[in-house]
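Please read the points below with the model open. They go through the strands, the sheets, the chain contact and one loop residue.

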Amino acid sequence: MSQFILHKENTRGHANHGWLDAHHSFSFANYYNPERMHFGVLRVLNDDSIDGGMGFGSHPHDNMEIITIPLAGAIAHKDSMGNSAVIKNGEIQVMSAGTGVSHSEFNANADEQLNLLQIWLFPNKKNVTPRYDQQTLDVAARHNNFQQILSPNADDAGVWIHQDAWFSLGKFDEGFETEYKIKKAGNGVYAFVINGEVTINGQVLSKRDGLGVWDTDSISFKANTADAEVLLMDVPMELN
Amino acid sequence: MQTTILYIGRDTEITAVMNRLLNARPEWKGLCVCKNEEAISICKEQHIDLVLLGNGIDQESEAELKNKLLALRPGLKIIQHYGGGSGLLYGEIMSATN
């Protein structure tokens, strides 16, 4: 029998720092909720809006798989591995922090708001060599389809990470129905609604709601509105 | 009451950040070192409430460190710190101490 946890948009942690308006699906920074520590190896799901030209100065990370998905605008990234890049909507960035890396992240535009999802997963191996990658995604390929954007495999679609996790993005017409099969036994799937309204396993989800489902091998999906957009995170439920 | 937290990680930059973050809150006292020997020496000299294991500690070294710390302070809470002084720190400490 499948189990689920529903995180409505307005129950997320919220911190407004002026230049940064952040919503946390799981405990982060000063937002601490013992019931919201993680979903399997998914530890952080931050929905950040950053004012033009503003951002996070250089700061370190270690032992975490960090995925950034810009939803609107563009982010300027620099890191201690020598990478300097701008990642915009339609692209995905991944960083394996491993033994340690420092980076800065700023809104690349002075006059445009940046909205991004930053997602952190516990790695399946500690102290790996830090690495960075980014990819431009074929946005058209996610029309009425869950397009894989991340996997554990370097030769598979999307970016890869040190974890048995698969991410998929889809943008759907109203009324479109499908089923998503979980990629690996023991994984669960956390669905995050980027836009619109959808029904997953009978649960109606609105914009920025999250639903975690586990102890199942598939989930049912229906788009209730036009341009419904959803991110699925298929992750191990056991911490390594 | 102040919680005394001992952090051990191999990266000097991250260790410096951890030292700043742990001592920025009045309810925490942070002692941050890069070497096992330094951690053991601190543990011999003063009470520690919580140990955070940071980056770059290999499996063998981690096992040895845990054994020595627990021999000095049976029941000492030792947890893995992820993220390098980032947004996870507060939640990790709250979960471990409550």
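1. A:Ile75 has A:Asn107 as its bridge partner in E10(A). Five bridges are not the whole sheet, but they set its sense locally: strand E7 (residues 74-79) and strand E10 (residues 101-107) of chain A pair antiparallel over 5 bridges. Strands here (E, at least two residues) and helices (H or I, at least four) are DSSP runs numbered from the N terminus, and two strands pair if DSSP finds at least two bridges between them.

2. The model is predicted: local features need pLDDT of at least 70 and side-chain atom pairs count only at pLDDT 80 or more, while totals for chains, interfaces and linings use all residues. Residues are numbered from 1 along each chain as its sequence is written, and chains are lettered from A and ligands numbered from 1 in the order in which they are written.

3. In chain A, E5-E10-E7-E8 is the order of an open sheet of 4 strands with antiparallel pairing. E5 and strand E8 (84-88) of chain A are at the edges with a single partner strand each, so one side of each has no neighbour in the sheet. From one strand to the next the twist averages 20°; axes are lines fitted to C-alpha atoms, for helices over the stretch in contact, and angles run from 0 to 180 degrees between N-to-C directions.

4. Strand E21 (residues 218-223) of chain A shows alternation. A:Ile219, A:Phe221 and A:Ala223 point to one face and are buried, whereas A:Ser218, A:Ser220 and A:Lys222 point to the other and are not. A residue is buried with 20 or more other C-beta atoms within 10 Å of its own, exposed with 12 or fewer, and partly exposed in between, C-beta atoms being placed from the backbone. In a regular strand the side chains alternate between the two faces of the sheet.

5. Which strands pair with E21(A)? Strand E16 (residues 177-181) of chain A does so in the antiparallel sense over 5 bridges, with A:Thr178 opposite A:Phe221. Strand E18 (residues 198-200) of chain A is joined to E21(A) by 3 bridges, also antiparallel, and A:Thr199 has A:Lys222 as its bridge partner there.

6. A:Arg142 sits in the loop between strand E12 (131-136) and strand E13 (147-151) of chain A. It counts as partly exposed because it has 19 C-beta neighbours inside 10 Å. Neighbours within four places in sequence aside, A:Arg142 is in contact (C-beta atoms, placed from the backbone, within 7 Å) with A:Gln147, A:Leu169, A:Gly170 and A:Lys171. Its C-alpha atom is 16 Å from that of A:Val198, 56 residues apart along the chain.

7. Chain B has 4 helices and 4 strands, arranged β-α-β-α-β-α-β-α from the N terminus on. The radius of gyration of chain B, taken over C-alpha atoms, is 12 Å, close to the 13 Å that the globule rule (2.2 Å times the number of residues to the power 0.38) gives for 98 residues, so it is as compact as a globular protein of that length. Of the 98 residues, 38% count as buried.

8. The open sheet of chain B has 4 strands in the order E2-E1-E3-E4, with parallel pairing. E2 and strand E4 (77-80) of chain B stand at the edges, each with a single partner strand, so one side of each lacks a neighbour in the sheet. Strand E3 (residues 50-53) of chain B is joined to E4(B) by 4 bridges and runs parallel to it; B:Val51 stands opposite B:Ile78. Helix H2 (residues 36-45) of chain B packs on the sheet, touching E1 and E2 of chain B, and its direction makes about 160° with that of E1(B).

9. In helix H1 (residues 12-22) of chain B the buried residues are B:Ile14, B:Thr15, B:Val17, B:Met18 and B:Leu22. They lie on the same side of H1(B) because they cover an arc of only 160° around the axis, the arc being that of the directions from the helix axis to the C-beta atoms. On the other side, B:Thr12 and B:Arg20 are exposed. The buried residues of H1(B) pack against strand E5 (55-61) of chain A together with strand E1 (3-8) and strand E2 (28-33) of chain B.

10. The contact between the chains takes 20 residues from chain A and 19 residues from chain B. Strand E4 (42-50) and E5 of chain A each supply at least two residues of the side of chain A that touches chain B.

How values were computed:
Two residues are in contact if their C-beta atoms, placed from the backbone, lie within 7 Å.
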